[in-house]
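Colleague: I should like to go through this protein with you, from its overall make-up to individual side chains. Please give the reasoning behind each reply.

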Amino acid sequence: MYLNTNIAAMNAQRNVYQTNLALDKTLERLSSGLRINSAADDASGLAIVEKMYAQRQGTTTAIQNTQDGVALYKIAEGALNQVGKMLSRIEELTVRASNQTLTASDRGTIKDEIDQLMSQINTISTDTEYNTIKLLNGNMDIQKNLIASTGNGAVGSIRILEVEGTVKDVTSAKFTLTAIGSAAQYTGALAAAGAASTVGANTTITLNGVEISIGTSDNVESILSKINAQNSRTGVVATMSQSRFVSLVSGKVDTDAANAKTVTAASGTIVGYALVGSYNTVTGKSNQITLGGNASIWMTFLNMAATGLVASGTNAAANIDGIAMNVVASEGGNVFQMQNSGSSAYGLKVGVELSNGANGGYILNNSNAGALQASAQEVAFGRLASANDTAYITLSTASKLTLQTGANYQQNLSYSISSIDTTSIGKGASSKFGSLADIKVDTADNAALSLKVVQQAIKDVSGLRATMGAVLNRLDYTDKTLQIQNENLASAESKIRDADISLEMTTFTKQQILMQAGTSMLAQANQKPQMILSLLK
């Protein structure tokens with residue numbers, strides 16, 4: 001037995017000390033509800049949950065961002081709803097103005113209401129905003145700029161038609177028209193005499209596989225009229241010069257074209273009809289001329305070959321910075337689209353040789369471009385495009401609406417919102433009226449043509465609303481997904497960071513008992529040296 005060193009007491013004191021530390025830690029966890037209160041509690045666990053915590057906070061903010069985006073689009077879509085109603089009213093008024101029972105005063109009254117409605121559409125375009133951000137004035141659209149450079153078509157013959165959301169920032173990309181496409185063209189010899197010469201029997205002819213009925217009283221002029229009446233099906237236009245040379249040219253008749261004029265060239269040739277797609281840019285499936293049916297009609301009355309492939313054209317070609325563009329055959333062949341996903345201009349549409357923002361072109365009758373006087377070309381049609389014409393295109397996506405819909409870098413959605421002012425909608429419906437802002441109801445004919453523009457404007461606004469509806473649906477699903485992610489992140493974080501109260505209470509009870517037992521044994525150990533006194537008596 002030793003008096004100076006009480007090993008039992010030291011042992012009891014050490015265990016009481018350790019129990020006290022463990023009890024303090026358990027009390028900390030029970031009072032805070034956290035298993036990890038400091039890095040020393042679980043270093044790797046702390047690193048994981050801190051990342052989860054940051055992710056969860058970012059996700060919470062992303063949910064708010066998504067809901068803000070939904071609010072913004074609802075405001076824009078609500079404004080477009082009103083624009084759609086006003087366009088429907090303009091359509092009603094235009095249909096009314098197309099009726100020839102109206103007086104000039106009646107048309108003036110209709111014009112006054114249309115003007116007021118269009119002014120309100122422009123007001124909605126400029127004034128609709130969210131948090132002072134303008135939504136429908138084009139500020140959120142992809143900004144585009146085109147500078148024409150060298151070539152015969154330097155003035156207005158190359159235009160940006162459409163910029164899809166797939167494009168990226170582009171700085172002075174060089175558009176080059178590398179080859180002029182040629183329309184299918186066939187010109188016969190002198191046609192038969194006019195009214196004095198009629199078919200005299202019922203028969204049929206075919207043009208590009210389309211059957212055309214010919215009656216007993218038809219002459220050359222009526223046969224050509226019937227051919228042009230089937231233009232939408234055949235893709236072929238028939239013309240006749242003053243000297244009765246008949247020509248067939250692939251293209252589409254544009255009867256309302258503002259540039260539809262008759263121009264006399266130095267050779268005396270007549271240039272007539274304005275076309276969607278022109279003599280030297282029409283390409284695609286309809287760019288051929290095949291004659292069939294009653295051979296005598298073709299040969300006797302039109303002085304043309306009777307059967308087989310008579311003529312075919314060639315494709316135009318263009319590129320941007322050396323990357324080839326595709327010809328959009330369905331749009332007349334003078335429209336090119338970048339369909340190479342490797343190009344920053346992917347989705348861009350460029351039109352060549354257009355009029356009034358629509359697709360009006362020109363046709364040469366029994367002649368070629370060289371046969372016309374240059375001044376006559378420019379007066380009638382503007383300058384004509386030629387191979388190696390160039391333009392420099394700049395696109396900027398910085399103004400697109402970007403919604404940060406995730407907690408991490410580049411977890412966002414970007415959308416462009418185009419302008420809906422009256423100069424931006426209704427384009428392409430008529431080559432006489434370039435946009436809704438240009439329509440007229442001063443005559444029944446102008447009102448009828450304006451109706452096409454109004455209906456196109458309705459399609460434009462409805463299309464934009466449909467796009468917004470799709471975006472709203474996506475944002476709704478994004479919001480739901482983020483909320484589920486946030487919930488699951490919180491659950492995962494809780495499993496690592498939070499204390500298991502039932503487990504900690506079990507541990508706490510054990511540590512209380514150990515503390516009580518340890519304290520009691522320490523007291524007993526401290527009594528042990530007193531036993532030595534009995535040996536000293």
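The exchange below concerns a predicted model.

Colleague: How many helices and how many strands are there in the protein?
Modeller: The model is a predicted one, and helices and strands are counted along the whole protein. The totals are 10 helices and 24 strands.

Colleague: What percentage of the residues count as buried?
Modeller: A residue is placed in this class if its relative accessible area is under 20%. The protein has 537 residues, and the share of them that counts as buried is 43%.

Colleague: What part of the contacts with a separation of 6 or more is made by residues 24 or more positions apart?
Modeller: The count takes the contacts in the protein with a separation of 6 or more as its base. Of these, the part from residues 24 or more positions apart is 70%.

Colleague: What percentage of the accessible surface belongs to carbon and sulfur atoms?
Modeller: The accessible surface of the protein amounts to about 26100 Å². The portion of it that belongs to carbon and sulfur atoms is 51%.

Colleague: Does arginine 29 count as buried or exposed, and why?
Modeller: Arginine 29 is located in helix α1, which spans residues 7-32. Beyond its neighbours within four places in sequence, arginine 29 has contacts with Leu34, Arg35, Asn37, Ala499 and Glu504. Its relative accessibility is 19%, and the limit for the class is under 20%, so arginine 29 counts as buried.

Colleague: Which residue meets arginine 35 in a salt bridge?
Modeller: Arginine 35 has a relative accessibility of 26% and therefore counts as partly exposed. Its side chain is paired at 2.8 Å, N to O, and the partner is aspartate 42.

Colleague: What is the distance between the closest N and O atoms in the salt bridge of glutamate 92 and arginine 89?
Modeller: Both residues belong to helix α2 (residues 43-97), where they are three residues apart, about one turn of the helix. Glutamate 92 is partly exposed because its relative accessible area is 49%, and arginine 89 is partly exposed with 31%. The closest N and O atoms of the pair are separated by 3.0 Å.

Colleague: With which residue does lysine 111 form a salt bridge?
Modeller: The two partners are in helix α3 (residues 104-127), four residues apart, about one turn of the helix. Lysine 111 counts as partly exposed at 43% relative accessibility. The partner also counts as partly exposed, at 28%. With the closest N and O atoms 2.7 Å apart, that partner is aspartate 115.

Colleague: Which residues do salt bridges that share partners join into one network?
Modeller: The structure holds 15 salt bridges. Where salt bridges share partners, their residues are linked into one network, and its members are Glu50, Arg56, Glu493 and Arg497.

Colleague: How are α2 and α3 oriented, and why?
Modeller: The two axes come within 10 Å of each other and cross at roughly 165°. The crossing is left-handed, and residues that meet across it include Met86 and Leu93 in α2 and Ile114 and Leu117 in α3. An angle over 145 degrees falls in the antiparallel class, so α2 with respect to α3 is roughly antiparallel.

Colleague: How close do the axes of α2 and helix α8 come?
Modeller: Helix α8 covers residues 444-497, and its axis crosses that of α2 at roughly 165°. That angle makes the two helices roughly antiparallel. The crossing of α2 and α8 is left-handed. Their axes come within 7 Å.

Colleague: What is the angle at which α1 and helix α9 pack?
Modeller: Helix α9 runs over residues 501-527, and its axis lies 8 Å from that of α1. The angle makes α1 roughly antiparallel to α9. α1 passes α9 in a left-handed crossing. The packing angle is about 155°.

Colleague: How far apart in space are asparagine 303 and alanine 189?
Modeller: Asparagine 303 is found in the loop between α6 (295-301) and β16 (308-312), and at 34% relative accessibility it counts as partly exposed. Outside the residues up to four places away in sequence, asparagine 303 touches Gly188, Ala189, Leu190 and Trp298. Asparagine 303 and alanine 189 are 114 residues apart in sequence, while their C-alpha to C-alpha distance is 5.5 Å.

Key
Residues are numbered from 1 along each chain as its sequence is written. This is a predicted model: local features need pLDDT of at least 70, side-chain atom pairs count only at pLDDT 80 or more; totals for chains, interfaces and linings use all residues. Side-chain values use heavy atoms; hydrogens and water are left out. Buried means under 20% relative accessible area, exposed over 50%, partly exposed in between (1.4 Å probe, protein chains only). Contact means heavy atoms within 4.5 Å. Accessible areas come from the Shrake-Rupley method with a 1.4 Å probe; for residues, only the protein chains shown count as cover. A salt bridge is a side-chain nitrogen of Lys or Arg within 4 Å of a carboxyl oxygen of Asp or Glu. Axes are lines fitted to C-alpha atoms, for helices over the stretch in contact, and angles run from 0 to 180 degrees between N-to-C directions. Angles under 35 degrees count as roughly parallel, over 145 as roughly antiparallel, 65 to 115 as roughly perpendicular and the rest as oblique. A crossing is left-handed if the near helix is turned anticlockwise from the far one by less than a right angle, and right-handed if clockwise.
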